[in-house]
Every structure is written in C-alpha cells, then in structure tokens.
Amino acid sequence: MSELVARPISVYDLPLAVGAAILHPEQVVLNFGRAGTVDIGFLCYLRREPQTRTGKSVRKSGFGRKVVVDSFNAARAGRVRALIEHISQEFSESGMRPETVRNRASRFIPFMTWADTHGYIDVLEDEGQARLAVREYATFIRDRVNQNSISLTSGAGQQAAAFSLLGDFLEIDDLTRGVNLLRGNQRSNEGTLPPCEDAQAKVLSMCEALFNSLTELVLDAKPYPFRVPMPKYLGWADPTLWIFPTSKWCMAPHEMEQRHKAKVPFLAYDYANGRLATMDELKLNKSFAGDNDITRRQVLRRCRLQIEAANADPQNINRRHMSALALNIFVLMFIAQTGMNWAQAVEMPWSGEYEVGVERQVFRAIKWRAGNRKVYFEIPVSFLPTFKRYLELRSYILDGISCEFLFFSLGCNTLELPKMLPGGPTPLFKILQRIDPQLPKIMPRQWRAAKSDWLIRNTDPSTAALVLQNAEKTVLKSYTAGSETVHLEEMTLFLDKVSAVVVENGKVIEGSINCAVGVCSSYGAPHQISGEIAVQPDCKEQEGCLFCDKFKVHADEQDTRKLLSCRYCLQQSAHLAGSEERIQSMLGPILDRIQVILDEVSRRDETLVLRVTREVEVDGELAPYWSRKLEMLMDLGLVA
C-alpha cells in the first residue's frame, strides 16, 4: 500500500500530565495552547505527504497529515516518543514562550522531511548522522537563500530553530561546530544590556510609591482627595501627588506650570493642596471659562458631588480605574523582581491556592497547581508582602468573577481575560511619564538582564537559570552583559589598582627588595590583590609576585626589562605546559597581568616600553635573572 492516506490523531495538551504514557506516538498532535498545534506523530512514517514551496503542508481539521502507512518505522516511533517528552519538558521548564517552543517544533518538521529524503533516517539517534545532516542541510538552506527562494532572515531562523532543538534533544552542545551557518541580524544576537542602577531605582521607586498608595486608596476605601507621597529623586519642593476622582486624576508640578495652556485645565481642582478651589480663586483665574458666580457654583457643586459619590462607593468607577493602574504597575514590578518576559507573566495561570516554599536564601518560591502541571516562580523575601497585597487587589477587581490567570485587563465595561496591555508596558510608561517626563523606559527584556546580572554577581549561573526558569547557556549567552554603570565603576577601580602598582621612576620604597619582575615592598608577607585570582601570591615563585598587593614596578628601564624578559621566557617555554588548553589556563592569567602592568607603564612612557620590547624580543637583551634562566632551558634542550 503506497498511497497517501489521512491517519487518526490524538491531541495532547502541553505540558503532558505527569506519568502520561504515549502509546501511539504516530497519532500525536501537540497542542501549545494559544500558540497552536504541531503534528509531530507523522514523523513515525518515513514517507509522508509532500510539503508546499513554503515548507508547510495543509492539515485537514480533525485528521493528521497524510502518510504512506507501510512506511511506519518502529525505531523512529520510539525516538518520536522521546522527542514528544523532550518538547513537553521544554514547554514547562525552559522558560521559553509557548510560541517559541512551538516555532522550534514546527521548523523541525521541514528539517526531518529533508533528512528522510536524503537518507539520514537515523538522525534522531545517531550523532554521526546528525552532524552530517546538519552540515548538508545548512548548505541546502544557504543555496535556497542565494537563489532568493527564501529570505536571509527566514533561512537563519530555520537553521537556528531546527539545529537547536536537535542539539538539545541529542544533548550535543557543539552540534553546529564548524558549520557555516547563516547569520541574520547580528544585533539580535547581542546580549541584552541591563539598565543602569540609577534608572532601575527611579522606575521601581515610582512604581512602589504609586502601587502602595493606590492599593491603600481602593482596598482600604480611603477618601478623595487622596495624598500620594512621591520619591525624593523627583526633587519636588513638596513631594506629594494628590489624586481626585476625575479623568485628570493627578497633575504633577510641571503640568500645573503649563495649566493655562491646557484645553481643559480642570481649574476647580487644587492639585497642589489636595482640595477644591474656592469661589475667589476661580474669580481671580482668567483661564476659567465661567464668567459669573452661578457657573462657578455649579462647577464646584458638580466636583463636590463627584468626590462624595466616589467616597460613598468602594466600587466607584474612578476607584476601579485606579485599581487597574495599580494592577499594571504591579505587573511591571513583578517582571522586575522575577525576571520573567512579558508573555510569560501575562499568560501565567493561577488557581488561587498557593504555598510559599523556601528554595534558596532570600528567595521564596510561590507554588500552585494549574491543570495538570505544577507552576511556580521565585521572588525575593522582601517582595512577598507586595505580592500578597496584589492578590487582595486582584480579588477586589474581580469582585467575585472567576479568572484562571494571575493577571488580566479591565475593558470599558467588562474584564478582558487574560489580555494585558497589548503594547507591553509601553502604555503604562506613558502614564508614569506624565508624572516624571524624564522617567527612563525599561522593557521586560532589560529587567530580565538586570535580574540575571544581579543573580550571577551574587550567586552563580546555575542559580540564575533556576530563578529565571531558563537554560543556563541561554542566561550566559543573552543576559550577562552587565550594566554600563557597573562596568565603568569596575574599570575605574581596576585601573586605580593597576596605577598603584606602578610607581614613578626613582621613587624609593622603604624596606623594599628587588625581585625578578619588579620590587617587593614587604617580602615574606604575600597578600593577594583581590578576592578571585588565577595565581596565588608566593614569595618563592616569581610569577606569584604579580598577583600580590606588595608588588611594585618602577616606570623605568630596569623594571620594564624584567617584566618583558619574564614574558619572553614564558612564551618560549609555553610548549612545556602541554595542551593548548593547559597553556591558556596556566600561563594566560600571568601574561594578561604582565600586559596590564606594561600598559600602565606605557601610559607614562610609551617610548621606553617600545624600545625595551624591541631590545628584549628582537635583540635578546634580557634582564640578568631571566637571561640565565633561558640559557639553562636551552642547555637542557627544552628551548630552541
């Protein structure tokens, strides 16, 4: 039987239930939720319906893709079952968006079709075949790009998705080693820079001030006008924001200065002092549209009634508007504290019942079950009260309505579940920048980089990956750039330390003795230069002096020649260390340290360093100690 026929299917929701048995992998269609489905089971058949020019084939609703039944391969079915379990684990544990996991699985299908067509039937179990298939498929995709059949971006994406899934499945880290891969937009491959600490502090302090006050307003039924203490960084004479139950719910000082230019200035509200304006104040204000006392009284009466109505009703529409703002502010704070991306956060399921576990110091794990899987995230201990306050806010907004998501949006008249701000946090920043026009805009990916940077600095990459719910290699690749501010501070500190090593020519160092690489200011009392160094300081080993805080170098010819001679001897004898990896691990830090010190000497006298370098490396005029050492090695036949 060689004709193509539609086959029965079984749709499996991801992630798979714990202990779920895949009895017939050839029937499996994986459901990625809103991201869609992927027919993975038809890979169990070696002959399948041809794909269109776009690489896709149309699947009739309720049926699987067509296959040649006689081409069923039992060995392949076993590997497909393992692949299904791998994709399920990736869906639940990798931290990737469902759309990303589905994209990888979907793009893997054309690769498998190509592999089966070209004889790489064992590509899912044989590393040798996998490497050959990857190399040839990369060439195939490159040819399609060169023929303008597909775009460079599409080709690079196809390679990246298919190869990364295959490599992860086979647990081969260097599957694409030596393969000439297509590269899309290089900027997209750069690690994300964390925002500077000052920017983070401003955004978080603004969000914290508003969230704490707005939740107090709505949950504790505080009366309008409501006072909100604002962060000190704003530099306001009176760091206070007053909230009124009206469309113009607040007015920052810079807005009040330009109030007369506004189309609707809301002059009946005294935003500076948190009260309604008086009749006399409205009379004196030339911007007020009313030209008689009757109009003024009517305006003030309407405003007063509006305030009274808002104070009398805990579910007043203005209070609900403030609760929606507080909700969106919390989402941004939540992302900053957890390092989640926007899609992860806004689509997070919620059961209502949860437990707080202690997984690591200073962190708390919030755990609950959603459907057939256990869901959790980790937050700092200090953020736990804020999270619990949000849950109170969530109950207030829902007001008895059930919602399966942790976050949601308020529409004009109804709840929109689970749709959060469609433009991500951008609309929220527009609101916040009404209060502080200079407030930096920090997006979720930057918060994720900042969280990763903090975790790596204070813990380790493994812990960072666990907290961020991501693969360790992804954290190291994409989120370890470090902020520019920290880089600047660290570089300044580093240069200061290097500068302290080099002293001026002719300066006498009390109690010092000469050594083979410079001067020791306190022989016999070695102490390392920093907390983490590659070589421990040792008065008996000349190289150890380089990493001791008692080590000094004069910016003169004698000490410069010592350093260059040491470097020259190490380079000549490097082969004695063995493999290239061993050479780098043993000698790399020493050579780097010598270069750093020479750079500082060169900064003070570049001509001197250039001249002595030529004399040592070209003319062989080494310092006496290193000259004798090199001669000894040559006599032993260890150095040519």
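# Working through a predicted model

The protein chain averages a pLDDT of 79, and 76% of its residues score at least 70; pLDDT is the predictor's confidence in each residue, from 0 to 100. This is a predicted model, in which local features need pLDDT of at least 70 and side-chain atom pairs count only at pLDDT 80 or more, while totals for chains, interfaces and linings use all residues. Residues are numbered from 1 along each chain as its sequence is written, and side-chain values use heavy atoms, with hydrogens and water left out.

## Exercise 1: confidence and overall make-up

Task: Find how many contacts residues 186-190 have beyond four places in sequence, then describe the chain as a whole.

Solution. Start with the weak spots. Over residues 186-190 the pLDDT stays under 50, and the model gives this stretch 0 contacts beyond four places in sequence (contact means heavy atoms within 4.5 Å). Residues 463-467 also have pLDDT below 50, but here the model shows 17 contacts beyond near neighbours in sequence. Where pLDDT is low, the predicted coordinates should not be read in detail.

Now zoom out. You'll count 21 helices and 18 strands in the protein chain; these are DSSP runs numbered from the N terminus, helices being H or I with at least four residues and strands E with at least two. Of the 640 residues, 47% count as buried, where buried means under 20% relative accessible area, exposed over 50% and partly exposed in between, with a 1.4 Å probe and protein chains only. Among contacts with a separation of 6 or more, 61% come from residues 24 or more positions apart.

## Exercise 2: strands and their partners

Task: Work out the strand order in the open sheet of 3 strands, then look at how strand 6 is paired.

Solution. First, the order is 2-3-4, with mixed pairing; two strands pair if DSSP finds at least two bridges between them. Strand 2 (10-13) and strand 4 (37-39) are the edges, each pairing on one side only. From one strand to the next the twist averages 25 degrees, with axes being lines fitted to C-alpha atoms (for helices over the stretch in contact) and angles running from 0 to 180 degrees between N-to-C directions.

Next, check a pairing. Strand 2 meets strand 3 (residues 28-31) in the parallel sense over 4 bridges, and Ser10 has Val28 in strand 3 as its bridge partner.

Then move to strand 6 (residues 226-229). Strand 6 is joined to strand 7 (residues 240-243) by 4 bridges, and the two run antiparallel. Pro229 has Thr240 in strand 7 as its bridge partner. Strand 6 has a covered face made of Phe226 and Val228, and an uncovered one made of Arg227 and Pro229.

## Exercise 3: aromatic rings

Task: Classify the pair formed by Phe330 and Phe387 and place both residues in the chain.

Solution. Rings of Phe, Tyr and Trp (its six-membered ring) pair if their centres lie within 6.5 Å; planes under 30 degrees apart count as stacked, over 60 as edge-to-face and the rest as tilted. That rule yields 25 aromatic pairs. Phe330 and Phe387 sit 6.4 Å apart centre to centre with 35 degrees between the planes, so the pair is tilted.

For location, Phe330 belongs to helix 9 (residues 317-338) and Phe387 to helix 11 (residues 384-398), so the pair links parts of the chain 57 residues apart. Phe330 counts as buried because its relative accessibility is 0%, and Phe387 is buried with a relative accessible area of 0%. Ring pairs also tie both residues into a cluster, whose members include Phe211, Phe334, Trp350 and Tyr390.

Finally, look at Phe42. Arg48 lies over the Phe42 face at 5.3 Å from the ring centre, and Arg65 does so at 5.9 Å. The rule needs NZ of Lys or CZ of Arg within 6 Å of the ring centre and within 35 degrees of the ring normal.

## Exercise 4: three residues in their surroundings

Task: Is Asn316 buried or exposed, and what are Ala310 and Ala133 in contact with?

Solution. Asn316 is in the loop between helix 8 (293-312) and helix 9. Asn316 counts as buried because its relative accessibility is 11%. Leaving aside neighbours within four places in sequence, Asn316 contacts Ala309 and Ala310.

Ala310 is found in helix 8 and is buried at 0% relative accessibility. Beyond residues up to four places away, Ala310 touches Tyr224, Pro245, Asn316 and Arg319. Ala310 and Pro225 are 85 residues apart in sequence but 9.9 Å apart in space, C-alpha to C-alpha.

Ala133 lies in helix 3 (residues 127-146) and is buried, again at 0% relative accessibility. Outside its neighbours within four places, Ala133 contacts Phe111, Trp114, Tyr120 and Val123.
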